[in-house]
Every structure is written in structure tokens, then in C-alpha cells.
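Student: Could you walk me through how to read a fold like this one, feature by feature?

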Amino acid sequence: MPTWLEAGLWGLLGGGALVLGALAAWFLRVSSDVIASVMAFGSGVLISAVAFDLMAEAADTGGLGPTAIGFLGGALAYLGANALLARYGARHRKRSGDQQPSESQQAGSGMAIAVGALLDGIPESVVLGVGLLAGGGVSLSVLAAVFISNVPEGLSSAAGMKRSGRSAAYVFGVWTTIAVVSAIAALLGYATLGGAPPEAIAVITAVAAGAILTMIADTMIPEAFEETKTWTGLITTVGFLLAFAIDRVG
């Protein structure tokens with residue numbers, strides 16, 4: 001199998017977890033406590049991947065300075081895009097309660113939420129594709145982190161969409177589109193950066209890491225803390241430990 005196609009399939013697998021979460025939210029009665037707990041767990045898994053896979057690899061390859069610049073750049077880029085989308089109703093796109101506005105409450109919020117969900121998934125997908133450039137297989141710990149965290153993301157966000165009156169066509173159209181775009185992003189991440197110097201790849205990896213960490217702090221952890229309160233830290237720690245263990249064993 002061509003490696004570019006493999007990159008796309010790994011991206012599709014990671015993005016497909018969002019669809020699984022949306023299916024669970026739409027057809028099953030999942031309590032807000034369970035959604036929040038899984039969200040906290042997924043946050044810990046992603047934080048571990050950012051620290052021990054993405055940032056460590058970027059710093060080893062490109063040095064601390066370029067990595068730090070890329071990391072902060074990714075955080076600022078995500079912050080700016082997220083602030084813009086929040087003005088159009090996408091601020092609470094990952095919340096499972098009634099925080100998301102309906103289209104009647106804020107016109108254009110449906111598109112803003114869809115674009116915001118896409119914004120959240122692109123950095124993770126690019127990382128999966130870039131990870132194959134070294135010639136080895138995809139990082140098991142990064143793939144596990146993306147998949148495990150995407151399930152509660154899709155679950156919580158789809159639950160909020162349903163509560164705000166969004167149709168099934170809208171909900172599954174959004175998540176299916178994001179799964180496909182995730183595959184394309186992973187494929188392009190591999191295909192377009194094949195000839196790039198290691199230092200450039202390190203910076204791009206750091207940019208993605210900064211965006212991912214900002215997304216966790218801005219959208220995932222607030223949803224988790226809403227319900228789990230003082231348990232949030234412990235559940236997040238367990239998720240972090242699992243991803244760390246996968247990285248060590250792998």
C-alpha cells in the first residue's frame with residue numbers, strides 16, 4: 001500500500017472516532033456525567049501525546065527555539081480562529097448541555113459550529129500524516145490519543161447539537177465530512193512535506209501540538225469540569241498515564 005494512502009486511512013480512522021461518538025450521542029442515552037468523565041479521560045490522553053510524542057520529537061529534531069516558536073504560534077493561531085468562531089455561536093460546540101445556540105437563536109451558528117469542529121480536528125490529522133515521514137509506521141500512542149479523545153469529542157458535541165434542535169442530517173453530515181477531511185489532511189500532511197527538511201517538520205509538529213493543547217484547555221476540559229468537578233484532575237491523570245504507558249510499551 002502506498003504510504004500516502006496509508007496516511008489517509010489513519011486520518012480517516014482518527015476522524016471516524018468522531019462519527020462513533022456522534023452515533024452514541026444520537027441513539028443512546030448517555031448521562032452528562034459519563035460524557036464529562038470520558039472527556040476528561042480523553043484530555044489526559046491527548047496531553048500525554050502532546051508532551052511525550054509531539055513536543056519531544058519536535059525538540060529533538062529542530063531544537064528548543066524553533067519548537068517553542070512553533071508551539072506558541074500554533075496556540076495563537078488556534079486562539080484567534082476560535083475567538084472569531086465564538087462570535088458566530090461556536091463557543092460551546094463541544095458542550096453536551098443546552099449551551100449551544102440553535103439556528104433561530106443565532107443565525108449562522110450551525111456553520112460556525114461545523115467549521116469549529118473542523119478546526120479542532122485538522123491539527124491531529126496532520127500530525128498522523130507527518131508522523132509517517134520518518135519511514136516507520138504511525139505512532140501508536142498518537143493514534144490512540146487521537147482516537148480515544150475523538151470519541152468523547154463527537155459524543156459531547158453531538159449531544160449538544162441534538163439538544164439545540166439540529167437535525168440528524170446536520171449532525172452526521174458534519175462529523176462524516178470532518179472524518180473525510182481528516183483523512184485528506186493526514187494524506188496531504190504526508191504528501192506535501194515529504195521533501196521538507198527535518199527542522200521544518202519539527203516546527204510544523206510543534207504548531208500542531210500548540211493548537212491541540214490550546215483546544216484541550218479551551219473546549220474539552222471546561223466540558224469535563226462542568227460535571228465531574230473535583231474528579232476532573234484524577235480522571236485526566238488516568239488518561240495521561242494510559243497514553244504514557246502506551247508510549248513506553250510501544
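Tutor: We'll go through the cores, one helix, a surface patch and the salt bridges, keeping in mind that this is a predicted model.

Student: Let's start inside. Which residues have the most contacts inside the largest nonpolar core?

Tutor: The general idea first: in soluble globular proteins, nonpolar side chains tend to be buried together. Here the largest nonpolar core has 31 residues, and those with the most contacts inside it are Leu-46, Val-50, Leu-54, Leu-128, Val-142, Ile-212 and Met-220.

Student: And which helices supply at least two residues of this core?

Tutor: Those are α2 (32–62), α4 (109–130), α5 (140–163), α7 (198–228) and α8 (232–249). Helix α7 gives the largest share, ten residues. Apart from this core lies another, of 22 residues, with Trp-26, Leu-85, Ala-114 and Leu-155 among them.

Student: Can we zoom in on one core residue? What does Met-220 touch, leaving out residues up to four places away in sequence?

Tutor: Met-220 touches Met-39, Gly-42, Ser-43, Leu-46, Lys-94, Ser-149, Glu-153 and Met-215. Leu-46 in that list is also one of the residues with the most contacts inside the largest core.

Student: Next, a single helix. How many residues does α3 have, and how far does it reach?

Tutor: Compare its end-to-end reach with what you'd expect from the residue count. Helix α3 (residues 64–86) has 23 residues and spans 32 Å from its first C-alpha to its last, close to the expected 33 Å.

Student: Which α3 residues are buried, and what do the buried ones pack against?

Tutor: The buried ones are Thr-67, Gly-70, Gly-74, Ala-75, Tyr-78, Asn-82 and Leu-85. They pack against α2, α4 and α7. You've met Leu-85 already, as a member of the 22-residue core.

Student: Now the outside. Which residues form the nonpolar patch on the surface?

Tutor: Look for nonpolar side chains that sit together on the surface. In this model, Met-1, Trp-4, Leu-5, Leu-9, Leu-12, Val-180, Ile-184 and Leu-188 form such a patch, with about 750 Å² of accessible area together. Two or more residues come from each of α1 (3–27) and α6 (168–192), and α1 has the largest share, four residues.

Student: Take Leu-188: where is it?

Tutor: Leu-188 sits in helix α6. Its relative accessibility is 43%, so it counts as partly exposed.

Student: On to charges. How many salt bridges does the structure hold?

Tutor: Side chains of opposite charge can pair when their charged atoms come close. This structure holds three salt bridges. In one, Arg-91 pairs with Asp-218, with the closest N and O atoms 3.0 Å apart. Arg-91 is in the loop between α3 and α4 and Asp-218 in helix α7, so the pair ties together parts 127 residues apart in sequence. Arg-91 is partly exposed at 38%, and Asp-218 is partly exposed at 21%.

Student: What about Asp-120 and Arg-93: buried or exposed?

Tutor: Both are buried. Their side chains meet in a salt bridge at 2.9 Å, N to O. Asp-120 lies in helix α4 and Arg-93 in the loop between α3 and α4, so this pair links parts 27 residues apart in sequence.

Student: Which residues make the remaining bridge, Asp-247 and what else?

Tutor: Asp-247 meets Arg-248, at 3.2 Å from N to O. Buried means under 20% relative accessible area, so Asp-247, at 18%, counts as buried. Arg-248, at 56%, is exposed.

Terms used:
Residues are numbered from 1 along each chain as its sequence is written. This is a predicted model: local features need pLDDT of at least 70, side-chain atom pairs count only at pLDDT 80 or more; totals for chains, interfaces and linings use all residues. Side-chain values use heavy atoms; hydrogens and water are left out. A nonpolar core is a set of buried Ala, Val, Leu, Ile, Met, Phe, Trp, Tyr and Cys residues joined through side-chain atoms within 4.5 Å. Buried means under 20% relative accessible area, exposed over 50%, partly exposed in between (1.4 Å probe, protein chains only). Contact means heavy atoms within 4.5 Å. The expected span of a helix is 1.5 Å times one less than its number of residues. Patches are made of residues with over 30% relative accessible area and no salt bridge: like charges are joined within 9 Å, nonpolar side chains (Val, Leu, Ile, Met, Phe, Trp, Tyr) within 5 Å. Accessible areas come from the Shrake-Rupley method with a 1.4 Å probe; for residues, only the protein chains shown count as cover. A salt bridge is a side-chain nitrogen of Lys or Arg within 4 Å of a carboxyl oxygen of Asp or Glu.
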